[in-house]
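Here are my notes on this model, point by point. Have the structure open while you read.

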Amino acid sequence: MSDRSQTLEEIKKLRRELTHHAKLYYVYDAPEISDYEYDMMFDRLKRLEAEYPEFFDPDSPTQRVGGQALDKFGKVTHTVRMDSLADVFSFDELQSFLDGVSETVQSAVYSVEPKIDGLSVSLKYEKGVFSQGATRGDGVVGEDVTQNLKTIFSIPMTLPEPLDLTVRGEVYMPRAVFNRINAKRESEGKALMANPRNAAAGSLRQLDPAVTASRGLDIFVFNFQEGNIYLDGHAPESHTETLDRLESLGFPTVAMRIKTSNALDIFAHIEKIGANRPALPYDIDGVVIKADSLADRSAIGEGTSTPKWAAAYKFPPEEKQTKLLDIVVNVGRTGVLTPLALLEPVSLAGTTVSRATLHNLDFIRQRDIMLGDVVTVRKAGDIIPEVICAHSNKRDGSQQQFNMPSLCPSCGEPVYYDPSENAATRCTNVSCPAQLSRKIEHFASKNAMNIDGLGPQIIDLFIENDLIRNSADLYTLNVEDIQGLDRMGEKSAQNLVNAIENSKSAGLERLLFALGIQNVGEVAATALAAKYKTLDACMHATVEELITIPDFGAVTASCVVDYFSHKSNVDMCQSLKSHGLVTHAVKAPTSDKFQGLTFVLTGTLPTMTRDEASEKIKALGGKVAGSVSSKTSYVVAGDAAGSKLTKARALGVKVIDEDELIRMINGSI
């Protein structure tokens, strides 16, 4: 065998072994070799491929784990629109959908399959080679995430046939990977990812493909968009045939699919999928029901933004029974004591739940919750665990009533019950260490000063080492102060110092919110900044002036004046100014198109984060509120929208999706 032949065989072997080990590591979380061994094999393959470019293979592991990070994503116009589906929430609503289809097509056959809870993408192949991948975006234009999609090892880079085609799939993060990443983030003091769906969306939209590669994403292909998938000269005539054909070409497709024309069979299969939901290694949020015949689909037609031939049955929030082992009390940044349920761990909506909020003592009394009870728990919006009720019929006599402590569990000072303020129990000590930690945590949070990497554990570490006594002290920290502390090396210390420095330019809106003034949320902070323009002016505001601001009442106005009446708060604000923070308003609306309109954002939007959508709304003079009321103009609902969507429907508030919001922003409606 010649040297070239031997080299080619070595390259092929390295590619096979690296692909095998990468899938074990990223997808199954079960590595068989060390990181060092993998890196040595990878470097050897890179050197050989550079020396022998004639052996290039687009499916090589070296083509799937990154390359240079991007400044931003390019735009891709979909040649076949990537529509969303109309949602139904009950069998009655689903029956109405089936009845509507039967008006056009008698005895239609349906494909019934799980709805993967992830991020929709298109995959384009030219002559059998993967050439481009894009997010759904608004259905017409998405983002080019080709390099990031190459890091997903279940996406074939080359097909066994030289076909030109485009398929649609759902990128998701397996539950095991999600749990592994969150465990690591918790150990590093970082904020936890909310759920696998959000984690997948954020991972796929990383500008550095190497970061995406580390996140263990996977995909199911669920639709043929366009192109040639003929087999023996025969074009598939049904959705099921196209999926079978795509599966034969190497695309992963979801299991538990059935074909039926019987409504009772559809309902039964939905219940079967729902029963299997907890055991699946990935999250699903419903079941998709589609007309199977491609000819029937054409006859049934399309709506303005959703096809008339398909619907998504959405599961209600998953509920489980478990045992309430104990109740601990946390102290918040405003001194409010909040009871937290410690539960016997239970798997719920894809994650293990061992804690849930109990809000306050009135909440516990109204629901007759006792220590040792069997309770029902669910996730609101599939994110926040909450206790729904206790089951008094399952008591054995060992249960005990819970009472709030008379002394603060953090500082030992007396607490008092304030029935006029949301039934709050509050610590009287303004220097309470727990309040200090929570205040700084709030100050550094994403919607405040957005100091990346400054999590609760790091804050507590700084307080314990007497490095900070208030939020302003963060800006005195340097690398030498931080490195050497537990879990803080030179690189992580430098990254944190850089993040603190970068936060100085956040502007007055974020700073006012970050200060944690009681009753001043993001909307009130924005209104305050718009009125007074500088922190100094805010500090000298009077109640009479403040109550003239929209969104301000007498209570909020009094809270602002009271905050700036305390010397310690004024001293901290002056310290923040001396450290170079921007203390004036940095953004003004560029238009008054949304003047007088109030928006509430809920769920995960397809192409924008909620922060990005908020900025666009504010730039046009609109307001973004955190809760729904009769004064709300629009609720913008994305995937996994929760109680805000329910309340909007109950109040008759107009609900729109991201597509409609974008059209409003662009002035097309």
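1. Which residue in β20 does V600 stand opposite? The partner is A625. β19 and β20 run parallel and are joined by 3 bridges (strands count as paired if DSSP finds at least two bridges between them; strands are DSSP E runs of at least two residues and helices H or I runs of at least four, numbered from the N terminus).

2. A word on the ground rules: this is a predicted model, where local features need pLDDT of at least 70 and side-chain atom pairs count only at pLDDT 80 or more, while totals for chains, interfaces and linings use all residues. Residues are numbered from 1 along each chain as its sequence is written, and side-chain values use heavy atoms, with hydrogens and water left out.

3. Back to the sheet: it is open, has 4 strands in the order β20-β19-β21-β22, and pairs in parallel. β20 (623-625) and β22 (654-656) are the edge strands with a single partner each, so one side of each has no neighbour in the sheet. On average, neighbouring strands are turned by 35° against each other, direction ignored.

4. On its other side, β19 pairs with β21 in the parallel sense over 4 bridges, and F599 has Y634 as its bridge partner in β21. Moving outward, β21 (residues 634-637) is joined to β22 by 3 bridges, again parallel, with V636 opposite I656.

5. Two helices pack on this sheet. Helix α22 (residues 610-619) touches β19 (598-602) and β20, and its direction makes about 170° with that of β19 (contact is heavy atoms within 4.5 Å; axes are lines fitted to C-alpha atoms, for helices over the stretch in contact, with angles from 0 to 180 degrees between N-to-C directions). Helix α24 (residues 658-666) touches β19, β21 and β22, at about 95° to β22.

6. How well covered is β19? 5 of its 5 residues are buried, meaning under 20% relative accessible area with a 1.4 Å probe, protein chains only. T598, V600 and T602 lie on one side, F599 and L601 on the other.

7. Elsewhere, the largest nonpolar core has 55 residues, and I451, L474, L515 and F564 have the most contacts inside it. (Such a core is a set of buried Ala, Val, Leu, Ile, Met, Phe, Trp, Tyr and Cys residues joined through side-chain atoms within 4.5 Å.) Helix α17 (residues 522-532) gives the largest share, 6 residues. A second, separate core of 34 residues includes V145, L163, A201 and L204.

How values were computed:
Buried means under 20% relative accessible area, exposed over 50%, partly exposed in between (1.4 Å probe, protein chains only).
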